[in-house]
Amino acid sequence: MFGRLPFVTVQALSDIAADSGAELSEGVPLARYTTLRLGGPGRAMLTCRSTDALVGAVRALDAAGIPSLVLGGGSNLLIADRGVDAVVVRVANDAVRLGPDSVVAEAGAGWDDVVAGTVDAGLGGLECLSGIPGSAGATPVQNVGAYGVEVGTLLRRVQLLDRATGEVRWVTPDRLGLGYRTSVLKHSDAALVLAVELDVRPDGQSEPLRYRELALAMGAEEGERRPAAKVREVVLGLRAGKGMVLDDADHDTWSAGSFFTNPVLDADRLPPVLATIAARLGDDVRVPQFPGEAGTKLSAGWLIERAGFTKGHPGPAAAARLSTKHTLALTNRGSASTEDLLVLAREVRDGVRDAFGVTLEPEPVTVGCAI
């Protein structure tokens with residue numbers, strides 16, 4: 001089972017599990033731990049149900065030079081069909097502690113459970129991030145955001161394991177290089193998130209409603225606040241309508257959420273792209289644009305649709321399709337392979353590039369495969 005991993009024996013992994021308090025298992029298909037339901041097995045799995053077990057297991061693997069893959073909620077992960085030649089460390093520590101104006105969630109806590117817990121406790125702030133799958137530990141890595149709110153604006157601090165030194169420490173958001181759906185933690189094994197602490201509002205009111213679709217659905221003006229519980233209810237409804245709330249019976253939710261990030265164009269790139277769009281679609285077409293610090297953000301979903309990719313593409317017989325509700329989600333219809341999904345992703349990426357000169361970047365982290 002462990003022949004391709006250097007110097008690894010069953011006994012060595014058993015010792016690591018016993019010393020750290022992790023649970024050892026072999027040959028576990030990783031598809032069951034990802035929201036895409038895709039991916040082959042790891043060489044072994046260490047399930048860590050406490051922060052001490054997580055720290056102990058990762059420290060021991062690193063010290064022994066054993067390759068590892070840290071697996072959280074699996075909502076932003078695309079794993080090769082052949083699996084991964086590494087020991088999978090499953091993050092399953094899930095304690096949540098509520099305070100009067102903050103919440104501390106261990107990395108393995110289900111993110112929507114964290115949000116629901118704050119709302120149920122009469123606390124506001126996280127409601128716009130309702131319904132997002134995955135674990136709390138992934139939220140600063142990806143700087144998760146939705147409906148005008150990003151985790152980075154609510155983060156108070158993040159507990160990290162420095163994998164080079166083995167040190168555990170809390171760091172403030174300014175140390176994380178947070179940007180649009182990214183941070184210094186993404187695509188890096190240098191540090192592992194153990195827990196997050198976020199600000200919440202003790203008055204039970206929401207963050208200001210910055211997203212027009214949400215404000216309209218609430219019957220509110222942009223910038224107003226509303227009770228967090230009501231905002232959560234509306235956000236969940238909006239997300240469900242786009243297939244963005246996990247449902248085992250709905251293959252539109254067998255996805256990694258939005259597969260491509262919205263492209264951000266600087267002042268030099270924007271005019272030629274807009275000219276290309278006008279030449280293809282007409283001078284009177286309205287292009288959704290959102291100003292930001294790094295440039296102007298365009299809508300990836302809008303570009304995908306205008307490049308000719310409709311909901312459900314390429315058709316009902318395909319194992320991997322665009323969602324029938326939302327063209328930004330690539331979905332597994334129940335029998336897809338990772339390669340099926342990659343073929344679709346390449347088709348969409350290349351089609352948008354050929355049509356408008358914009359190369360869409362994937363949001364999920366790929367393991368053992370590439371788009």
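**Annotated residues, backbone features and internal spaces**

Asn143 is located in the loop that runs between helix H4 (138-142) and strand E8 (145-146). The model described here is a predicted one. With a relative accessible area of 2%, Asn143 is buried, since burial applies under 20%. A polar atom of the Asn143 side chain lies 2.7 Å from the backbone oxygen of Gly179. When neighbours within four places in sequence are left aside, the contacts of Asn143 comprise Glu150, Val151, Gly152, Leu178, Gly179, Arg181 and Thr182.

One of these partners, Arg181, also appears in the UniProt record. The annotation "active site", from an unreviewed entry, covers Arg181, Ser258 and Glu363. These residues span 183 residues in sequence, yet no two of their C-alpha atoms are more than 11.0 Å apart, and they therefore gather at one spot.

Arg181 belongs to the loop between strand E11 (168-171) and strand E12 (191-199). Its relative accessibility is 13%, so Arg181 counts as buried. The side chains of Arg181 and Glu150 are joined by a polar contact of 3.3 Å. Residues up to four places away in sequence not being counted, Arg181 touches Gln142, Asn143, Val144, Gly145, Ala146, Glu150, Lys186, Thr261 and Glu363. Glu150 is thus found among the contacts of Arg181 and also among those of Asn143.

Ser258 is placed in the loop between helix H6 (228-241) and strand E13 (264-265). At 24% relative accessibility, Ser258 counts as partly exposed, because this class lies between under 20% for buried and over 50% for exposed. Apart from neighbours within four places in sequence, Ser258 is in contact with Met244, His326, Leu328 and Glu363. Glu363 is therefore a partner of Ser258 under the contact limit of 4.5 Å between heavy atoms. Glu363 is likewise touched by Arg181.

The backbone of the loop between E11 and E12 was examined next. Most residues other than glycine have a negative phi, and most peptide bonds are trans. Arg181, by contrast, has a positive phi, near 55°. A positive phi of about 60° is found for His187, which is not a glycine either. His187 also lies in the loop between E11 and E12. At 63% relative accessibility, His187 counts as exposed, whereas Arg181 counts as buried.

Pro173 is a further residue of the loop between E11 and E12. Pro173 and Arg157 are 16 residues apart in sequence, and 6.0 Å separates their C-alpha atoms in space. With neighbours within four places in sequence set aside, Pro173 is in contact with Leu155, Arg156 and Leu178. Leu178 is also listed among the contacts of Asn143.

Elsewhere in the chain, His313 and Pro314 are joined by a cis peptide bond, with omega at about 5°. Pro314 is situated in the loop between helix H8 (300-306) and strand E16 (320-322).

A domain annotation is available for part of the chain. UniProt lists residues 38-205 under "domain: FAD-binding PCMH-type", again in an unreviewed entry. Over residues 38-205 the chain is 17% helix and 30% strand. The C-alpha atoms at the two ends of this stretch are 39 Å apart.

Internal space was considered last. Rolling a probe the size of a water molecule over the atoms shows where empty space is left. In the whole structure, the search finds 1 cavity of 30 Å³ or more. The volume of the largest cavity is about 50 Å³. Its lining is formed by Pro133, Gly243, Met244, Val245, Leu246, Thr253, Ser255, Ala256 and Gly257. By class, this lining has 5 nonpolar and 4 polar residues, and no charged residues. Met244, one of the lining residues, is also in contact with Ser258.

The second largest pocket holds about 240 Å³ of space. This pocket is lined by 15 residues, of which Arg32, Tyr33, Thr34, Gly72 and Gly73 are the closest to its centre. The lining of the second largest pocket comprises 5 nonpolar, 8 polar and 2 charged residues.

Definitions and conventions: Residues are numbered from 1 along each chain as its sequence is written. This is a predicted model: local features need pLDDT of at least 70, side-chain atom pairs count only at pLDDT 80 or more; totals for chains, interfaces and linings use all residues. Side-chain values use heavy atoms; hydrogens and water are left out. On a 1 Å grid over the protein atoms alone, a cavity is a set of points where a 1.4 Å probe fits but cannot get out, and a pocket is an open set with protein on both sides within 12 Å along at least five of seven lines; lining residues have an atom within 4 Å of a point. Grid points are joined across faces, edges and corners, and a volume is the space filled by probe spheres set on the points. Ala, Val, Leu, Ile, Met, Phe, Trp, Tyr, Cys and Pro count as nonpolar, Asp, Glu, Lys and Arg as charged, and the others, Gly among them, as polar. UniProt positions are given in the numbering used here, feature names are shortened, and annotations may be inferred rather than shown by experiment. Helices (H or I, at least four residues) and strands (E, at least two) are DSSP runs, numbered from the N terminus. Buried means under 20% relative accessible area, exposed over 50%, partly exposed in between (1.4 Å probe, protein chains only). A polar contact is a pair of N or O atoms within 3.5 Å; within protein, one must be able to donate a hydrogen and the other to accept it, and residues adjacent in sequence count only if both atoms are side-chain atoms.
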